[in-house]
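Me: I would like to learn how to read the packing in a model such as this one, taking one feature at a time. Could you take me through it?

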Amino acid sequence: MGNQKTRLQGLVKERDQLAKPLSGLKHILRGSIIKHGNICGKRVCICKRGDNPILHGPYNYLSHRSRGLINTIFLNKKKLALAQEGVREYNEAIELIYRIAEINFRLLRYHYDKL
């Protein structure tokens, strides 16, 4: 019984350590950074050729799906750096959440309430 209690206490300590960095992730962005070309507004431009058009760009965008809608934001250099940080933080948060959830599953399996 003592060995199980020690194991449970170790899991609780590990979970608590994993949860600490989550409060520091303040720039989380769920989405993907994509590149694509654009068609301009000029009537006569190579981007509007019928055969083999040459699009402007490619430009960086943050693509985000929300409630079935896909939204995109144009990313200049400054916004690109912020978006990259936000997507990185999102991935880090998801990894931590999965690890915490696995620990909580194990705690529940081993009768967490007995701690």
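The dialogue below takes up the nonpolar cores, a helix and the aromatic rings in turn.

Reply: Please keep in mind throughout that this is a predicted model.

Me: Which residues make up the largest nonpolar core?

Reply: The general idea is that, in soluble globular proteins, nonpolar side chains tend to be buried together. Here the largest nonpolar core has eight residues, namely Leu8, Leu11, Val12, Leu18, Leu96, Ile100, Ile103 and Leu107. The elements that contribute two or more residues to this core are helix H1, residues 2-19, and helix H2, residues 77-109. Another core, of five residues, lies apart from it and includes Leu62, Leu75, Ala83 and Val87.

Me: With which residues is leucine 96 in contact, if its neighbours within four places in sequence are left aside?

Reply: On that basis, leucine 96 is in contact with Leu18, Pro21 and Leu22, and Leu18 belongs, like leucine 96 itself, to the eight-residue core.

Me: How should I check the length of H2, and what span should its 33 residues have?

Reply: One compares an expected span with the distance in the model: at 1.5 Å a residue, the 33 residues of H2 should span 48 Å, and because its end C-alpha atoms are 48 Å apart, the two agree. At the start of H2, a side-chain oxygen of asparagine 76 comes to within 3.2 Å of the backbone nitrogen of lysine 78. The buried residues of H2 are Leu80, Ala83, Gly86, Val87, Glu89, Ala93, Leu96, Ile100, Ile103 and Leu107.

Me: How many aromatic pairs are there, and which residues form the aromatic cluster?

Reply: Ring pairs are read from the distance between centres and the angle between planes, where an angle over 60 degrees counts as edge-to-face. The count comes to two aromatic pairs. Tyrosine 59 and phenylalanine 74 form an edge-to-face pair, with 6.0 Å from centre to centre and 65° between the planes; tyrosine 59 lies in strand S2 (residues 56-66) and phenylalanine 74 in strand S3 (residues 69-74), so this pair ties together parts that are 15 residues apart in sequence. The rings of tyrosine 61 and phenylalanine 74 have centres 5.7 Å apart and planes at 70°, so that pair is edge-to-face, and it links tyrosine 61 in strand S2 with phenylalanine 74 in strand S3, 13 residues apart. One aromatic cluster is thus formed by Tyr59, Tyr61 and Phe74.

Me: Is tyrosine 61 buried or exposed?

Reply: Burial is judged by relative accessible area, with under 20% counting as buried. Tyrosine 61, at 9% relative accessibility, therefore counts as buried, whereas tyrosine 59, at 33%, is partly exposed, and phenylalanine 74, at 42%, is partly exposed.

Note on methods
Residues are numbered from 1 along each chain as its sequence is written. This is a predicted model: local features need pLDDT of at least 70, side-chain atom pairs count only at pLDDT 80 or more; totals for chains, interfaces and linings use all residues. Side-chain values use heavy atoms; hydrogens and water are left out. A nonpolar core is a set of buried Ala, Val, Leu, Ile, Met, Phe, Trp, Tyr and Cys residues joined through side-chain atoms within 4.5 Å. Buried means under 20% relative accessible area, exposed over 50%, partly exposed in between (1.4 Å probe, protein chains only). Helices (H or I, at least four residues) and strands (E, at least two) are DSSP runs, numbered from the N terminus. Contact means heavy atoms within 4.5 Å. The expected span of a helix is 1.5 Å times one less than its number of residues. A polar contact is a pair of N or O atoms within 3.5 Å; within protein, one must be able to donate a hydrogen and the other to accept it, and residues adjacent in sequence count only if both atoms are side-chain atoms. Rings of Phe, Tyr and Trp (its six-membered ring) pair if their centres lie within 6.5 Å; planes under 30 degrees apart count as stacked, over 60 as edge-to-face and the rest as tilted.
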